[in-house]
Amino acid sequence: MTQSRYFTIGEHPEGLPERSLFQLESRELPELKDGEVRIRNHWLSVDPYMRGRMSGVKTYVEPFELNQPMEGGALGEIIESRHKDLKEGDRVVHMGGWRDVAQLDGSQVQPLPDIDVPPQAFLGVLGMPGMTAWAGLTLVAELEASDTVLISAASGAVGSLAAQLAHQKGCTVIGSAGSQEKREWLEARGIKAIDHHQDADAIKKALKEAAPQGVDVYYENVGGPMLEAALDAMNDFGRIAVCGMISRYNESAPSAGPANIAAVLTKRLRMQGFIVHEWVKGHEQEFYQQVGPLVADGSIEYRETVEEGLERTPDAFLALFEGSNQGKMLVRLD
Ligand SMILES: NC(=O)c1ccc[n+]([C@@H]2O[C@H](COP(=O)([O-])OP(=O)(O)OC[C@H]3O[C@@H](n4cnc5c(N)ncnc54)[C@H](OP(=O)(O)O)[C@@H]3O)[C@@H](O)[C@H]2O)c1
């Protein structure tokens, strides 16, 4: 008999969740059915979008069910299989995270692509966040080498790949980040860095200095004063790829939108929200072929912030909203 330890939430939080919201529980797993596999997870991903799933409202994804195992990206090794193509010892990525042992139908797991990188990279730079960065720039914003590009949360999992890909394409790249250390990391990679922990006017001034020629593409991860500053800096016919708005995820009531939203009209901007899986579908091999070798040979650098042990999963998740992570936030299990 195999036990699975997993996290649940018993209510929908208001504002930034308290640590006590998350309950660690345990249950005995049933016998495997035909087609199922049992996986011992070694790495868990925590991601900002999970906050939306805690609110009990269906958006582009179903909300977490109260008092049921939470879900999320995870990487593990198959320890038992009743699936014809998956065998014990295979390493797979899947959505049975927030737990140590997952039991899933084989159709819900993906073997790791054959790229020579540490396996947890398939939860970050070569996983969902990496695909988001690539798809947002290339497919949504239709990036050109002549573009000046602004990327918010530019040292995070998505932003750090977006910033490096845009820089390698030949674009002028400006990234916002919340700490000196993060900004130095960006600057060492040829990316002009600005601090978003300033009032809206100071952000606008810093952006004007960093991009006197204006911004053609804004890769939006945060919302709030950064979006307002970006709208001011956008050139006519600029494109805004709206990937995320993390500054809004813990709001109890919606705050006022950017005062200068009329810039979308006056500058004839294209502002497109996107969800990674809808855009990357059918382009997965292109992504691995383009980005995989750059990660494997070190031309793209990626960082990870690692919390140790299943118990720390909620702490890792909550730290995303404090900006404590450099690069991808992960949890390592035994
Ligand atoms: N559309 C999609 O399909 C899709 C897929 C994946 C991710 N996303 C979105 O992409 C964004 C980045 O995700 P990620 O996984 O790469 O996370 P991340 O950037 O690795 O981590 C979150 C970062 O956001 C910044 N941040 C936190 N609170 C903030 C606030 N109030 N204002 C401004 N910045 C704040 C912090 O960096 P600083 O230190 O710089 O403040 C923090 O480190 C999120 O909005 C996420 O929801 C969208």
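## The ligand and its surroundings

In this predicted model, a backbone N or O atom of Val276 lies 2.7 Å from an oxygen atom of the ligand. Two further backbone approaches can be set beside that of Val276: a backbone N or O atom of Gly178 lies 2.8 Å from an oxygen atom of the ligand, whereas for Phe274 the partner, again at 2.8 Å from a backbone N or O atom, is a nitrogen atom of the ligand. Of the 910 Å² that the ligand exposes when taken alone, the protein buries 91%.

The shell around the ligand is made up of 27 residues, and the closest of them are Lys182, His196, Tyr249, Val276 and Asn325; Val276 therefore appears both in this closest group and as the source of the backbone atom at 2.7 Å from a ligand oxygen. By class, the shell comprises 16 nonpolar residues, 10 polar residues and one charged residue. Helices α2 (128-140) and α3 (157-169) each contribute at least two residues to the shell.

## Strand β3 and its three partners

Strand β3, which spans residues 36-45, is mostly covered, with eight of its 10 residues buried. Strand β4 (residues 74-81) is joined to β3 by seven bridges and runs antiparallel to it, while strand β6 (residues 101-105), likewise antiparallel to β3, is joined to it by five bridges. Ile39 takes part in both pairings, since it stands opposite Ile78 in β4 and opposite Ala102 in β6.

A third antiparallel pairing links β3 to strand β15 (residues 328-332) through three bridges, and here Ser45 stands opposite Leu330.

## Strand β11 between β8 and β12

Strand β11 (residues 215-220) is also mostly covered, and six of its six residues are buried. The pairings of β11 are parallel: three bridges join it to β8, where Val149 stands opposite Val217 of β11, and five bridges join it to strand β12 (residues 234-242), where Tyr218 of β11 stands opposite Ile240. In a regular strand the side chains alternate between the two faces of the sheet.

## Two loop residues with positive phi

Most residues other than glycine have a negative phi. Asn67, although not a glycine, has a positive phi of about 60°, and this residue lies in the loop between α1 (50-53) and β4. Because its relative accessibility is 43%, Asn67 counts as partly exposed.

Ala153 likewise departs from a negative phi, with a positive value of about 50° although it is not a glycine. Its position is in the loop between β8 (148-151) and α3, and α3 is one of the helices that supply at least two residues to the ligand shell. With a relative accessible area of 29%, Ala153 is partly exposed.

## Buried residues Glu307 and Leu21

Glu307 lies in strand β14 (residues 304-308) and, because its relative accessibility is 18%, which falls under the 20% limit, it counts as buried. The side chain of Glu307 is joined to that of Arg312 by a polar contact of 2.9 Å.

Leu21 is found in the loop between β1 (3-9) and β2 (22-28), and its relative accessibility of 10% is the reason that Leu21 counts as buried. The C-alpha atoms of Leu21 and Ile9 are separated by 5.8 Å, although these two residues are 12 residues apart along the chain.

## The annotated span

An unreviewed UniProt entry lists residues 15-331 under "domain: Enoyl reductase (ER)". In the model, the end C-alpha atoms of residues 15-331 lie 24 Å apart, and the span is 27% helix and 25% strand.

How values were computed: Residues are numbered from 1 along each chain as its sequence is written. This is a predicted model: local features need pLDDT of at least 70, side-chain atom pairs count only at pLDDT 80 or more; totals for chains, interfaces and linings use all residues. Side-chain values use heavy atoms; hydrogens and water are left out. Buried means under 20% relative accessible area, exposed over 50%, partly exposed in between (1.4 Å probe, protein chains only). Helices (H or I, at least four residues) and strands (E, at least two) are DSSP runs, numbered from the N terminus. Two strands pair if DSSP finds at least two bridges between them. UniProt positions are given in the numbering used here, feature names are shortened, and annotations may be inferred rather than shown by experiment. A residue is near a molecule or strand if one of its heavy atoms lies within 4 Å of it. A polar contact is a pair of N or O atoms within 3.5 Å; within protein, one must be able to donate a hydrogen and the other to accept it, and residues adjacent in sequence count only if both atoms are side-chain atoms. Accessible areas come from the Shrake-Rupley method with a 1.4 Å probe; for residues, only the protein chains shown count as cover. Ala, Val, Leu, Ile, Met, Phe, Trp, Tyr, Cys and Pro count as nonpolar, Asp, Glu, Lys and Arg as charged, and the others, Gly among them, as polar.
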